[in-house]
Amino acid sequence: MDKKEFTVSEVIDSIGISKHTWVVFVLLAFAMIFDGYDFMIVNSTNLFVAHTFWPDNANPGALMGSLTTWGLLGMVLGGAFGGIMSDKIGRKKTLIAAVMFYGLFTLPQAFANDLAFFAAFRLIAGFGVGSCIPVVTTVFSESMPSKQRGIFVTFGMAFMVVGWVLAGLIANPICNAATPLLGDFTNQVTYTLADGGTATMYANWRLCYLIGAIPLLYGIVLIFAMHETPHWYANSGNKAMACKRLTEIEQATRHTSHEYDPALLIVPPKPAKTGPSVLFSSKFIVATCAIWAAYFVGQFCVYGMNAWIPTWFVGLGYSQADSVALQTWNNVAAIASNIAVGFVSDKVGRKRNLAFSWLFCIVAIVLCSIFVAPNNMGLCIALMLLFGFALNYAITAVQPLMPESYPTAIRNTGTS
């Protein structure tokens, strides 16, 4: 850089939106689509899984909730572990491992015949799902120009919600199919209804979990197509590789490039400690507590509601197909909110946007609680669109704050 000292962020900002930007965007987008599908497929199929596991139980609502809970527990553990490992061994390696991990352990769930087997593999697969999310957020933050960083971070979360929508769109026709889609593998099930009668279905939900193994193949794509971030190279002490990657990024965009001198690369000093305990040091504890509080409430609402929306609407008298469809409408609105929040966050600031988002969310929750009604599909669709937009806007508004609150050495640990 003509003998001037420079930082990785300065070079990426000078290059701007580039071919490299869009390659990273597409690779991470698909990782999040698969991640979102893997999580939401349980919520979209649990009515049918419950009838298979507990055919004599006419009201398996609480049991259905437990199907989802195991995956969430795995996500908690995986999120913490994945973030720490990403700061130690690199973003690329951790992301590939997470994607292939949740693909591999979603596959056995297709063969489950009881809760214990299903829950064990749901827990393990959730570990990979949780590991993926903070790595994607961090790679977006480290790869995008600072002026557009908020937009790209929240777009990444939008693609996770695309996976949620795809889960509903795929699960509904498959689970409600009137014939076995995979022969004896999708066996016929006779289950008890609330009025004491019986009904039959086919366990076609198993096909949805076979589809959930596709990330195994995508992990191979990432091995060859994805590169480590210059930020991680620089912070891990490999300035030569950081400069090489900056040169490659510039060359791919401008077809001409500098030879960046590692001796002139400025790397912010590492904290004295880089483990999770640093998040609670005097320097970072306010940011950590604020992010944890906001994200906890958001996760509680988003995942709690998505787990129970089908049961909620079945209890109001809607069919299983309509209940899954209403959940899908909720997630369609979430895509729009994830896109919008990034633009607003970059315009008005992270904190102001977050404060507004939660006021909006409170109003939406109250309206949905009061006005949701049986035998009114149109009204319920409108309420689910409002609810999905407001709630996901609120939780996604936290995302741009996360990676910007911590230095590179602990960025993914803090984000996770």
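1. The crossing of helices α4 and α5 is left-handed. Helix α4 covers residues 91-106, and its axis lies 8 Å from that of α5, at an angle of about 150 degrees. An angle over 145 degrees counts as roughly antiparallel, so α4 and α5 are roughly antiparallel to each other. The model is a predicted one, and the points below should be read with that in mind.

2. Helix α4 also packs against helix α3, which spans residues 61-89. Here the axes come within 7 Å and cross at roughly 140 degrees. The pair α3 and α4 is therefore described as oblique. On the α3 side the residues that meet α4 are Gly82, Met85, Ser86, Asp87 and Ile89. Their partners in α4 are Arg91, Lys93 and Thr94.

3. Asp87 and Arg91, which appear in that α3 and α4 contact, also form a salt bridge. Their closest N and O atoms are 2.6 Å apart. Which residue joins Asp87 and Arg91 in a network of salt bridges? It is Glu142. Asp87 and Arg91 are both buried.

4. The structure holds 4 salt bridges. One of them pairs the side chains of Asp38 and Arg122, with an N to O distance of 3.1 Å. This pair links distant parts of the chain, since Asp38 belongs to helix α2 and Arg122 to helix α5 (residues 115-143), 84 residues apart. Are the two residues buried or exposed? Asp38 has a relative accessible area of 1%, so it is buried. Arg122 is buried as well, at 2%.

5. Another salt bridge joins the side chains of Arg245 and Glu248, at 2.6 Å from N to O. Both residues lie in helix α10, which runs over residues 239-254. They are 3 residues apart, about one turn of the helix. Arg245, with a relative accessible area of 7%, is buried. Glu248 counts as partly exposed because its relative accessibility is 32%, and partly exposed means a value between the 20% and 50% limits.

6. The largest nonpolar core has 93 residues. Within this core, Leu95, Cys132, Trp205 and Tyr209 touch the most other members. Helix α2, residues 19-53, gives the most to the core, with 17 residues. A second, separate core has 15 residues, among them Ile12, Ala234, Leu246 and Ile249.

7. What does Tyr209 touch, leaving aside its neighbours within four places in sequence? Its contacts are Ile41, Val42, Thr45, Val49, Thr106, Leu107, Gln109, Ala110 and Phe118.

8. Ser44 is a further residue of helix α2. Its relative accessibility is 1%, so Ser44 counts as buried. Beyond its neighbours within four places in sequence, Ser44 is in contact with Ala167, Gly168, Ala171, Val324 and Gln327.

9. For a reader new to the model, helix α2 is a useful place to begin. Helix α2 contains Asp38, whose partner Arg122 is in helix α5, and it contains Ser44. The largest core takes 17 residues from helix α2. The contact between α3 and α4 is another place to look, with Asp87 on one side and Arg91 on the other.

Technical notes:
Residues are numbered from 1 along each chain as its sequence is written. This is a predicted model: local features need pLDDT of at least 70, side-chain atom pairs count only at pLDDT 80 or more; totals for chains, interfaces and linings use all residues. Side-chain values use heavy atoms; hydrogens and water are left out. A nonpolar core is a set of buried Ala, Val, Leu, Ile, Met, Phe, Trp, Tyr and Cys residues joined through side-chain atoms within 4.5 Å. Buried means under 20% relative accessible area, exposed over 50%, partly exposed in between (1.4 Å probe, protein chains only). Helices (H or I, at least four residues) and strands (E, at least two) are DSSP runs, numbered from the N terminus. Contact means heavy atoms within 4.5 Å. Axes are lines fitted to C-alpha atoms, for helices over the stretch in contact, and angles run from 0 to 180 degrees between N-to-C directions. Angles under 35 degrees count as roughly parallel, over 145 as roughly antiparallel, 65 to 115 as roughly perpendicular and the rest as oblique. A crossing is left-handed if the near helix is turned anticlockwise from the far one by less than a right angle, and right-handed if clockwise.
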